[in-house]
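Grab a pencil and work through these exercises at your own pace. Each one gives you a task, then a solution in steps.

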Amino acid sequence: MVVNSKGGCGKTTLTTNLASYYAAHGHTTVLMDHDPQGSSTRWLSQRPVERPRIHGIAAYQMRPDMTRSFQMKLPPDTTRVIIDVPSGLNDLKLAEHARQADTILVPVLPSPIDIHASAHFIQALLLAARVRSKNIRLAVVANRVREHTEVFHKLERFLATLKLPFVAKFRDTQNYIRAAQDGIGIFEMTGAAAQRDREQWSSLTAWLDRNEAPGREVVFLGDHRAGHSLRETG
Ligand SMILES: Nc1ncnc2c1ncn2[C@@H]1O[C@H](COP(=O)(O)OP(=O)(O)OP(=O)(O)O)[C@@H](O)[C@H]1O
Ligand SMILES: [Mg+2]
C-alpha cells in the first residue's frame, strides 16, 4: 500500500512503477486504485497490450449493479497487490486501508512543507493503524530528491528520529512523466536514459523482495544503508 496524506508526493508514481515492476517480473499483479482521481487507473488504461498484464481494480468506482466483493475479487493466482490510497484520509479510513496491507510505503518530497506534513502523517499512521502491533512493514521513500541539499538532510534526520527505514530515493526526472504517459514503468523503458532511475529503484525492490512478509514476521528494519536492522515484534 502506498500512502501519504500529502498530495502530489508520488503515490501514484510509486504505485504504477511497482505494479509494472512486478508484472514485468512474472507476478500476477493487481493495481487497486482507491483514489477518486483515478490516476493509477488512467495510467493502466494507457498501458500497451503487449506489456505484461496488470489487473486493475478501480475501488473508488464501484458499480451499483454488482456486489462490492465481486468487483474487488482478485484473480486466483494473484501474487502482488499494489494499492494507491488517496490523500487526506481521516484516521478511521486510514486504519481501514492499512488493515489490508502487509507493507506500507510512504513517499515524501524533500521540501520543508512536505516533511512537516509527512511527519504528522506518519505519526498518525503509526497510531491509527497500529502498524507496529500488527507487524505491518513500513518504509519511507524520498521522491524528487536533489542530493546534497539542506532540506534533503532534514528529511534524513527526521526519519532517523522515527527509526524508520529510508529505503530508496528517486531523483527528479522527466523519465517518470514519460513513463506515466505511456502506461509503463521505469523498468520497462529502454535505453540508457533511465538506467540511473532503475538503479535507484533497485534498493526499494531489493528491500521488498528481501523482506517479503509471510505471516508479517518483520515489522521494522533499520536503515539498510547503515547495514544494521532493528527488529520489533508487535
Ligand atoms: N521523481 C519524479 N520526478 C519527476 N516528476 C515526478 C516524480 N515523481 C512524481 N512526479 C510527478 O509529480 C506529479 C505528482 O506525482 P504523483 O501523481 O505520483 O503524486 P500523488 O501523490 O499520487 O498525487 P495525488 O496526491 O494527487 O494523488 C506527477 O505529475 C508525477 O508525474
Ligand atoms: Mg495519486
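**Exercise 1. Find the order and the sense of pairing in the sheet that holds strand 1.**

Start by tracing the strands: three of them make an open sheet, in the order 2-1-3, and they pair in parallel. Keep in mind that you're looking at a predicted model.

Next, look for the edges. Strand 2 and strand 3 (80-84) each pair on one side only, which makes them the edge strands. From one strand to the next, the twist averages 20 degrees.

Now zoom in on one pair. Strand 1 (residues 29-33) runs parallel to strand 3, and five bridges link the two. One spot to check is Leu31, which sits opposite Ile82 of strand 3.

Last step: see what lies over the sheet. Helix 1 crosses strand 1, strand 2 and strand 3, and runs at about 165 degrees to strand 3.

**Exercise 2. Work out which strands are at the edges of the sheet with the order 4-5-6.**

Begin with the layout: this is an open sheet of three strands, again with parallel pairing. Strand 4 (103-108) and strand 6 (166-171) pair on one side only, so those are your edge strands by the pairing rule. Here the twist averages 25 degrees between one strand and the next.

Then go through the pairs:

- Strand 4 and strand 5 are parallel and share six bridges. Leu105 faces Ala139 in strand 5, and Pro107 faces Val141.
- Strand 5 (residues 137-145) and strand 6 are parallel too, with four bridges. Ala142 has Lys169 of strand 6 as its bridge partner, while Val145 stands opposite Arg171.

To finish, add the helix: helix 6 (residues 150-161) packs on this sheet and touches strand 4, strand 5 and strand 6. Its direction makes about 175 degrees with that of strand 5.

**Exercise 3. Decide how enclosed strand 5 is, and pick out its odd residue.**

Count the buried residues, using the cut-off of 20 or more other C-beta atoms within 10 Å. In strand 5, nine of the nine residues pass, so the strand is largely enclosed by the rest of the structure. For its neighbour, strand 4, the count is five of six, so to speak mostly covered.

Now try one residue by hand. Arg144 lies in strand 5 and has 20 C-beta neighbours inside 10 Å, so it counts as buried. What's odd about it is the backbone: Arg144 has a positive phi of about 60 degrees, even though it isn't a glycine.

**Exercise 4. Locate the largest nonpolar core and follow the contacts of Val140.**

A bit of background first: in soluble globular proteins, nonpolar side chains tend to be buried together.

In this model, the largest nonpolar core has 60 residues. The ones that touch the most other members are Met1, Ile83, Ala98, Ile104, Val108, Val140 and Val141.

Take Val140 and skip its neighbours within four places in sequence. You're left with contacts to Val106, Val108, Leu159, Leu164 and Phe166.

**Exercise 5. Describe the shell around ligand 1.**

Sort the residues by type: the shell has five nonpolar, 10 polar and four charged. Out of the 19 residues around ligand 1, those that come nearest are Gly7, Lys11, Thr12, Thr13 and Ser87.

Then ask where shell residues come from. Helix 1 (11-24), strand 5 and helix 7 (174-182) each supply at least two.

**Exercise 6. Is Val49 buried or exposed?**

Place it first: Val49 is in the loop between helix 2 (39-45) and strand 2 (54-58). Then count: there are 6 C-beta neighbours inside 10 Å, so Val49 counts as exposed. Finally, check a partner from another part of the chain. Gly183 is 134 residues away along the chain, yet the two C-alpha atoms are separated by 10.0 Å.

**Exercise 7. Sum up the whole chain.**

Count the elements: eight helices and six strands. Reading along the sequence gives you α-β-α-β-α-β-α-β-α-β-α-β-α-α. Of the 234 residues, 40% are buried. And among contacts between residues at least 6 apart in sequence, 75% join residues at least 24 apart.

Note on methods: Residues numbered from 1 in each chain as written. Chains lettered and ligands numbered in written order. Predicted model: local features only at pLDDT ≥ 70, side-chain atom pairs only at ≥ 80, totals over all residues. Axes fitted to C-alpha atoms, helices over the stretch in contact; angles between N-to-C directions. Contact = placed C-beta atoms within 7 Å. Near = placed C-beta within 6 Å. Nonpolar A, V, L, I, M, F, W, Y, C, P; charged D, E, K, R; others polar. Core = buried A, V, L, I, M, F, W, Y, C linked by C-beta atoms within 7 Å. Buried ≥ 20, exposed ≤ 12 C-beta atoms within 10 Å, placed from the backbone.
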